[in-house]
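Subject: The structure I promised you

Hi,

Here is the structure we talked about, with the sequence alongside. Have a look at it first, then read on for what turned up.

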Amino acid sequence: DKIIGRVTMDLQEQGIHFSVIYTAVRPSRISRRTDVVAELRRQLMAAEEEESSSYPPLNVTIGNDTCILFYASNFSLKANNSVLIDLTNATFLAQNVDISASECTDSNTTLSLKYTRPVNGISSLEIRFLMTNKFYEVSARRWSTLDSVEIVQDGDKLAKFIVSGISAPAEYSFHCQLVGTSNLYPARLDRDPSNNEAKNWDVFISNLQIQGFNIINNQFSYASDCTGFFTPGIWMGLVTSIILLWILTYGIHMIMQLTTNNRFDDPKGPALSVPQTE
């Protein structure tokens, strides 16, 4: 907004008549619908704007069945702490991505995203999301887990990341607002200590939603979010409430310990004498 305002002010000061068309690399409002049915019906303007500026998730279809759905509002990498690679447009809008190497089974799923010359200096780039579907006796149900993410540069440089905090019941999809290598993200990609190549990469994914098993009608199932019930804000509220309740209880206890005099001095009689023991 500041840059646009500065440019328009300069043009106005020079007395130049101009018309402006604002464009963007990708829409700011996202819809996760995987299918759009053409119907003649009246809609609210807000709904029309949202639908016109949306893109569906990436889907991997083997045979007639969709086995992987992948969506992100921002999908970016940074190489060597300097080169930013934004893959959002190539993955979801232009779809300049090869997903033919993706694999799907009942127990293991691999989402393979291959890009040709994403930036200068990198001839090829492949990103793999490896997921498993296992039965856990403790919960007596199957869970799908994103175990690791691999980045392969130019076919030979492999960077491996161990994923923590990305799991959901096998019938659900997984959603998280922020996923990446930053320690501040609720779902992190931890660099494999035995892999030196991982130190050269940073991953930033916003509004991630992924599902690799039990997809019905080419749509995401109910999403299991990475944010737990007890957020830091809730914990702070509980601790503050406990402290205030303790102060209130202590104050009431002290007030209840106060006693009144049971003897009073009579001005017409002798002076009241109270022994020190009382």
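Before the first find, one bit of vocabulary: a polar contact is a pair of N or O atoms within 3.5 Å, where one must be able to donate a hydrogen and the other to accept it. Also keep in mind that this is a predicted model.

Let's start with Ser102. You'll find Ser102 in the loop between α3 (88-93) and β5 (103-104). Its side chain reaches the backbone oxygen of Ile99 at 3.1 Å, which is within the 3.5 Å limit. Is Ser102 buried or exposed? Its relative accessible area is 9%, and buried means under 20%, so Ser102 is buried. Leaving out residues up to four places away in sequence, Ser102 touches Val60, Ile62, Ile68, Thr110, Leu111 and Ser112.

Next, the nonpolar core. As background, nonpolar side chains in soluble globular proteins tend to be buried together. The largest nonpolar core here has 49 residues, and the members that touch the most other members are Phe70, Phe75, Leu77, Leu113, Phe129 and Trp201. Try clicking on Phe70: among the residues it touches, not counting those up to four places away in sequence, are Pro57, Phe75, Phe92, Leu113, Phe129 and Phe220.

Now for the aromatic rings. A search of the whole structure finds nine aromatic pairs. One of them is Tyr55 with Phe92, a stacked pair with 5.4 Å centre to centre and 25° between the planes. This pair links distant parts of the chain: Tyr55 is in the loop between α2 (45-52) and β1 (58-62), while Phe92 is in helix α3, 37 residues apart. Both Tyr55 and Phe92 are buried.

Phe92 has another partner, Tyr71. Why does the pair of Tyr71 and Phe92 count as tilted? The ring centres are 6.0 Å apart and the planes are at 50°, and tilted covers what is neither under 30 degrees nor over 60. This pair also links distant parts of the chain, with Tyr71 in strand β2 (residues 65-71) and Phe92 in helix α3, 21 residues apart. Tyr71 is buried at 0% relative accessibility, and Phe92 is buried at 3%. Ring pairs link Tyr55, Phe70, Tyr71, Phe75, Phe92 and Phe129 into a cluster.

Last, something from a record: an unreviewed UniProt entry lists residues 234-253 as "transmembrane region". In the model, that span is 100% helix and 0% strand, and its end C-alpha atoms lie 28 Å apart.

Cheers

Note on methods. Residues numbered from 1 in each chain as written. Predicted model: local features only at pLDDT ≥ 70, side-chain atom pairs only at ≥ 80, totals over all residues. Heavy atoms only, no water. Helix = DSSP H or I, 4+ residues; strand = E, 2+ residues; numbered from the N terminus. Buried < 20%, exposed > 50% of the residue type's maximum accessible area, 1.4 Å probe, protein only. Contact = heavy atoms within 4.5 Å. Core = buried A, V, L, I, M, F, W, Y, C linked by side-chain atoms within 4.5 Å. Phe/Tyr/Trp six-rings, centres within 6.5 Å; stacked < 30°, edge-to-face > 60°. UniProt positions renumbered as here; feature names shortened; annotations may be inferred.
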